[in-house]
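This report looks at side-chain contacts in one protein structure. It covers salt bridges and then aromatic rings.

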Amino acid sequence: MPVMDATPLRIKERAFGGQQRSIVTHRPRTFNELVMVVQQLAVDGRPYTVVGARSNVVGALDTDSEVVLSTELLTGVREFDGVSNIVRVGAGTLGGWLESWLAERDRTIGQFPQSLHISTVGGWLSTRACGSWSALYGGVERALLGARVVTAAGAVLEFGPRVRPLGGLDGLAALIGSEGSLGVVGEVTFHVHHRLPENRMCFLLPDLAAVIDAQRQLVQGGYPVAVLRGHNVAETAHILADESVEECLLIVTSSGPPELTDAHRGAIGDALVGLGARQLPDDSAARWFEERYAVSTMMEDRNREPGSAFDTIEVSVPWSTAAACADELEARLGPVVDRYYLHFSHPYQAGVCFYSLLWLSAHDDLAVVGKLRDAWKQVLDIVERYGGTVGHHHGVGAVRAERYGHTADAEIHRALKQALDPRGLLTARLLGSEA
C-alpha cells in the first residue's frame, strides 16, 4: 500500500500522474510482534516510515521510504482502571471507537479532533493532537499518562503509567509531536474523565475583534468553558445558513455536575451580553455539531476537480496581537481565494488557535497548486510577524518542515534523533524526507 496521506498537494501530485512506488508494508498484530518487526528492520538496515490510519493533512507521511510499518492492527483496550480512571490501548486504535467504548462506561478522554473517527491514538501522540473541547480537557499531552515505545534498535521503553513524572527529564513528553522519528509507539495510556452534562449556547458579536476579546475575557476570567469557538462572518453565514448575516458567531459550551451547570450558563451569558453579544437560540449552531466529524473524504472530494483546491491551516497567536492578525489574514487572503473561513478555537491563557479554511481555483491543477503554496506562505508569514506559532494540532509534516528546522525545538529534536536512531532508520518528514 503506498504511503499517502490526505495532503492536498499530494492529491494534486497524483492527478499529475506521479509515479507510484512499490511499498512493502509490515502490520504486526501484537506488541511482541511489533518488537520483532522493528528488530528485524534494524538488522536489515532499511529506512521505514511508521503510519497509523494515514489521515494526516500536512504531509507527515511524505517520505521516500519504500518500507512501511503500520500500527493499524494494534487495536483495542488492554487495561481499564475505573477507580483511577486510566485506560491503556493499542496505538492503532481509532479515536471514535475508543470514545464509544468509554461512553459505555460513562467515561471520555475528552479528545475530540475533527478526525476523531479516522485517526489513531498513536497518531494523536505523534502529532500533538488537540480536539474541540480543549478549553476544558486540553490537548493530548494533558491526557497522556504512559506509553510503550520501541526504539529503532528494537529496545522497549516503558513510560508509566504515572500520575505525574517523578522528576528529572520527562522522556514521554519528548516523544509527543515527534511524528514517528524517535521510536514506534505500540501502546498508549490515557487518563479519562467521567462524562458530564453539557450546556450549549450561541451568540453573535459585531466583528472579529469583539469575538476574540470575548473569548479572551471568558478564559482569563475563569469561566468554565469546554468548547469556545469564534467564527468570521463567512463561516458564520455557513453555520447559520443565512447569507445575510454580518456578525461573528461564538459557540460556547460548559460541562459540570448538574447542580452547577445552570450557574455556569447564567454567568457566561451575563458576561457575554455585558460585552455586547446578542444571544441566539441554543440550537443555532446545530449544523456545526452535526457536521464536525464529516471529514473521511473531505480532502479527496474537495481536491478532486482539476483546477480546484481546498486546504486548512492551523496556527496559534497571542491575545495581544490576535485581532490585528485576524484582520490582516482576511484582508490578504480574502481577495486571492474563492472562499475564506476563519475560526478561533482552542483558547489558552496566553492566546488562541486560528484555523483557516481556503477554497481556491485556477485554470488547471498546476496553477492552483501554485496559488495554494502562495496562500500557505502568506498565512505563515503573517502569523510569524504577529508573534504567533505556525502550527497547532495537525503536526509539522512536509508543509512546515523548513520553518520547524530553524527552531530551538528542532535542534533538540535532531540531538535526540542522533542518540536514539543514529542510522536514520525511522523516516519523518518534519526533519527532512530522509531524517
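Glu 328 has a relative accessible area of 18%, so the residue is buried, the cut-off being under 20%. The model is a predicted one. Glu 328 takes part in a salt bridge with Arg 332, and their closest N and O atoms are 3.2 Å apart. Arg 332 counts as partly exposed, at 37% relative accessibility. Both residues lie in helix H13 (residues 319–333), and because they are 4 residues apart, about one helical turn separates them.

Another salt bridge joins Asp 381 and Arg 403, with 2.9 Å between the closest N and O atoms. This pair links distant parts of the chain: Asp 381 belongs to helix H14 (residues 365–385) and Arg 403 to helix H15 (residues 401–404), 22 residues apart. Asp 381 is partly exposed at 26% relative accessibility, and Arg 403 is partly exposed with a relative accessible area of 22%.

Which residues are joined into one network by salt bridges that share partners? They are Arg 78, Glu 79, Arg 88, Arg 148, Glu 158 and Glu 187. Within this network, the side chains of Arg 78 and Glu 187 meet at 3.4 Å, N to O. Arg 78 is in strand S4 (residues 77–81) and Glu 187 is in strand S9 (residues 184–191), so their salt bridge ties together parts 109 residues apart in sequence. Is Glu 187 buried or exposed? At 4% relative accessibility, Glu 187 counts as buried, whereas Arg 78 is partly exposed at 31%.

The table lists these three pairs, which are among the 25 salt bridges found in the whole structure.

| Salt bridge | N to O distance |
|---|---|
| Arg 78 and Glu 187 | 3.4 Å |
| Glu 328 and Arg 332 | 3.2 Å |
| Asp 381 and Arg 403 | 2.9 Å |

The aromatic rings come next. The structure contains 8 aromatic pairs. One of them is formed by Phe 310 and Trp 359; it is tilted, with 4.8 Å from centre to centre and 50° between the planes. Phe 310 lies in strand S15 (residues 308–318) and Trp 359 in strand S17 (residues 351–361), so the pair links distant parts of the chain, 49 residues apart. Phe 310 is buried at 0% relative accessibility, and Trp 359 is buried at 13%.

Ring pairs also link Phe 112, Trp 133, Trp 288 and Phe 289 into a cluster. The ring of Phe 289 has the charged end of Arg 200 over it, 3.7 Å from the ring centre. In a similar arrangement, the charged end of Arg 105 sits over the ring of Trp 101, 3.5 Å from its centre.

Conventions
Residues are numbered from 1 along each chain as its sequence is written. This is a predicted model: local features need pLDDT of at least 70, side-chain atom pairs count only at pLDDT 80 or more; totals for chains, interfaces and linings use all residues. Side-chain values use heavy atoms; hydrogens and water are left out. Rings of Phe, Tyr and Trp (its six-membered ring) pair if their centres lie within 6.5 Å; planes under 30 degrees apart count as stacked, over 60 as edge-to-face and the rest as tilted. Helices (H or I, at least four residues) and strands (E, at least two) are DSSP runs, numbered from the N terminus. Buried means under 20% relative accessible area, exposed over 50%, partly exposed in between (1.4 Å probe, protein chains only). A charge sits over a ring if NZ of Lys or CZ of Arg is within 6 Å of the ring centre and within 35 degrees of the ring normal. A salt bridge is a side-chain nitrogen of Lys or Arg within 4 Å of a carboxyl oxygen of Asp or Glu.
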